[in-house]
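User: I've got a model open and I'd like to check the labels against their cut-offs. Can you walk me through it?

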Amino acid sequence: MKEWSSFNTLMTKIKRLIRGALSLFIALSLAGCYGFGKGTIQPQLAYAMPEWRIQSMPTAFEPLKEQEEAQEWGKEYKIGVALAKELDLYRAVTAFKRAHILIPKSEMVRRLEIQYYLVLSYYIGHRFEDALEAFESSSLAMIDRSFPVYKDLLIVLYDCYKNLNEIDHANRVLEAIHQADQPTGEKLKLSYAISQGEVNRIVAASYSPQIKQQSEELVHFYDEYKKSPRTAQALNALIPGAGYLYIGQKQTAITAFLLNSLCTAAAAYFFYNGNIPAGIVMTSFEAGWYFGGIYGAGEAAKTYNERLFENNANQMMRKNELYPVLALQYAF
């Protein structure tokens, strides 16, 4: 009778553990599914301006006059331009800053040029926050459409705000670009939809029949080959590792299956032999692997979708020069 009573006590504890595990499973499964419901992706699309392209782009400003070149600020200005054309942007910024300090305040036109080159240098170097700080501390906010690089400056500001996720500012600048240059505004609108992974808006943002065809191909390919994060999670919940196998990560799938099997077998062994503390410890390990695997499978599916989208979107962005930096008309 005593042995039977001990057995019943053990079974009661195991049942409580199972109920607790199920509750935890439901809670963590719901938490694990959070964020995957809308199938959103966050692709990383970026373009680094090559040196040859910078050197092939004209400047919008008048060359320095002989007397300007003889001035200290003029020498720094020329050094900054030469360095910027070689994409030695850190030293170019330093030279432009010196030129800006040395130039008389009466030389307002040249001061604006230097200020713009500072902003442009930061922007091409992907230092978006510094570019905006340089703009906000300059006199460039007072310029109008007569400024030779007015549209280029708007494009720079738009891309900086977008990369810093200041969407309201980016949208206001995009509207100004659309008013100043409608074709460029439409290209940037499509560029935004692609770079943000807004798959449902890409076709609608297409600005010509040819681009619409490319957009439809991009979206169709993505929809056909993307993986469902929820399916990956569900499969991993049924059989640990199956979610990773679903997205093609065979080695991770085998590792997950073996780890979960070993932990489960060890926990069962300890409980069966009456070593409850060791069984509880091993069960906690297994719970960590199990629920972590469910969440990880969902994240892996999301990452798979992002890489799938990026590979094709990057080709379309380059081919049609949809990266904002490629819409610039002038450089140094």
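Analyst: Sure, starting with Phe96, which is buried at a relative accessible area of 0%. This is a predicted model, where local features need pLDDT of at least 70, side-chain atom pairs count only at pLDDT 80 or more, and totals for chains, interfaces and linings use all residues. Residues are numbered from 1 along each chain as its sequence is written, and side-chain values use heavy atoms, with hydrogens and water left out.

User: Why is Phe96 called buried?

Analyst: Buried means under 20% relative accessible area (over 50% is exposed, in between is partly exposed; 1.4 Å probe, protein chains only). Phe96 has 0%, so the label fits. Phe332, at 3%, counts as buried too.

User: What makes Phe96 and Phe332 a stacked pair?

Analyst: Rings of Phe, Tyr and Trp (its six-membered ring) pair if their centres lie within 6.5 Å; planes under 30 degrees apart are stacked, over 60 edge-to-face, the rest tilted. Here the centres are 6.3 Å apart with 15° between the planes, hence stacked. Phe96 sits in helix H5 and Phe332 in the segment after H16, so the pair ties together parts 236 residues apart in sequence. Helices here are DSSP runs (H or I, at least four residues; strands are E, at least two), numbered from the N terminus.

User: And what kind of aromatic pair do Tyr77 and Phe96 form?

Analyst: Edge-to-face, with 6.5 Å centre to centre and 80° between the planes. Tyr77 is in helix H4 (residues 72-85) and Phe96 in helix H5 (residues 89-102), so that pair ties together parts 19 residues apart in sequence. Tyr77 is buried as well, at 6%.

User: Which residues do ring pairs link into a cluster?

Analyst: Phe61, Trp73, Tyr77, Phe96, Tyr116, Tyr117, Phe147 and Phe332.
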